Amino acid sequence: MITLETIPELKLKLAGIREKKLEIGFVPTMGALHPGHISLIKRAKEENAAVICSIFVNPTQFNDPQDLEKYPRTPEKDMDLLQKAGCDLLFMPKTEEMYPGKDPFVSTHKKVDLGALAHVMEAQQRPGHFEGVIQIVSKLFDCVNPTRSYFGQKDFQQVAVIRAMVKQLGYTTAIIACPTLREPDGLAMSSRNVLLTPEDRKKAPLIYKTLSEVKEMALCQPLDSLQEYGREKLGNAPGMKLEYFQIADAATLLPVKSMNDAPSIVACVALKLGKVRLIDNMILK
Ligand code: AMP
């Protein structure tokens, strides 16, 4: 695996790959890699001749400075995992490389109209987050110009935002959404899980348990009562501070009242467990 830190080096290397007309699979990450990330690399490996992974803890998508500061960073371990998974190229730029000479919060923004996506769930709880995601992912797409790009369904709204961005800015990459990998007790794998205290780690599987119960009950109970069930169960759990438990149209992420309101329906949740913010979701239909 080759590791590169600068955009010119990356573009030069990719030009060689493109000359051979090889398909490029791209997996953007913020590092602290776990098997969920590696599942994206493996899927990209199956479907493309060359696999590029990026690791960049993007400051502009963090709305909480403490979250950025505490974000886990494990570059040595990440490189080892990527090498073993068969990744061909790792792009690991410094902040100055992506945002040269300017305040990262004001430079290189591309305008995307997110419509309702800009007003619900993550967008509501984390002002500026998706603007930061669009800023960095568009910049990475400009550098890599991938054939296919791989994202996790764990960040459900992020996938919808990226799809809107690709459509509006005219990128040609295919967006492949991949299933959420979970720990044996159901907790969605996340780089932030290592920040949970041992006690909170024991409480965390309640999120998956509640989503699974709601999915089962969705076959026979009205959605508003299920939403109430989810909100009560997670809102009243000791140590948990619920931000939202929302049942929504999986395409628009707007709230729905009945299982007949949309072709696909998703339940999404965000909460704080101790000081750690966790998100998860489950497709109900
Ligand atoms: P992150 O490093 O958290 O920005 O994540 C990089 C990519 O990995 C994103 O597309 C995430 O949705 C995806 N990802 C994170 N956790 C998981 C997981 N448990 N299963 C599958 N994909 C994941």
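**The ligand shell, a cavity and a pocket**

Helix H2 contributes three residues to the shell around the ligand, the most of any contributor. The model analysed here is a predicted one. H2 covers residues 35-47, and at least two shell residues each come from this helix, from strand S2 (24-29) and from strand S5 (148-152). Around the ligand there are 17 residues, of which Met30, Gly152, Asp155, Leu181 and Met189 come nearest. Sorted by class, the shell holds eight nonpolar residues, seven polar residues and two charged residues.

Three of the nearest residues also place polar atoms beside polar atoms of the ligand. In aspartate 155, a polar side-chain atom lies 2.6 Å from an oxygen atom of the ligand. Glycine 152 takes part through its backbone, with an N or O atom 2.9 Å from an oxygen atom of the ligand. For methionine 189 the atom concerned is again a polar one of the backbone, and its partner, at 2.9 Å, is a nitrogen atom of the ligand. The ligand taken alone exposes 490 Å², and 92% of that area is buried by the protein.

Apart from the ligand shell, the enclosed space in the protein was examined. The count gives one cavity of 30 Å³ or more. The volume of the largest cavity is about 40 Å³. Its lining is formed by Lys154, Leu187, Ala188, Ser190, Asn193, Ile207, Leu278, Ile279 and Asp280. Strand S9, which spans residues 276-283, supplies three residues and so gives the most to this lining. Five residues of the cavity lining are nonpolar, two are polar and two are charged. Among the charged residues in the lining are Lys154 and Asp280, while Ser190 and Asn193 belong to the polar class.

Open space was considered as well. The second largest pocket contains about 300 Å³ of space. It is lined by 18 residues, and those closest to its centre are Ile55, Val57, Arg73, Met92 and Pro93. The lining of this pocket has 11 nonpolar residues, together with three polar and four charged ones. Of the residues closest to the centre, Arg73 is counted as charged, whereas Ile55, Val57, Met92 and Pro93 are counted as nonpolar.

Notes: Residues are numbered from 1 along each chain as its sequence is written. This is a predicted model: local features need pLDDT of at least 70, side-chain atom pairs count only at pLDDT 80 or more; totals for chains, interfaces and linings use all residues. Side-chain values use heavy atoms; hydrogens and water are left out. On a 1 Å grid over the protein atoms alone, a cavity is a set of points where a 1.4 Å probe fits but cannot get out, and a pocket is an open set with protein on both sides within 12 Å along at least five of seven lines; lining residues have an atom within 4 Å of a point. Grid points are joined across faces, edges and corners, and a volume is the space filled by probe spheres set on the points. Helices (H or I, at least four residues) and strands (E, at least two) are DSSP runs, numbered from the N terminus. A residue is near a molecule or strand if one of its heavy atoms lies within 4 Å of it. A polar contact is a pair of N or O atoms within 3.5 Å; within protein, one must be able to donate a hydrogen and the other to accept it, and residues adjacent in sequence count only if both atoms are side-chain atoms. Accessible areas come from the Shrake-Rupley method with a 1.4 Å probe; for residues, only the protein chains shown count as cover.
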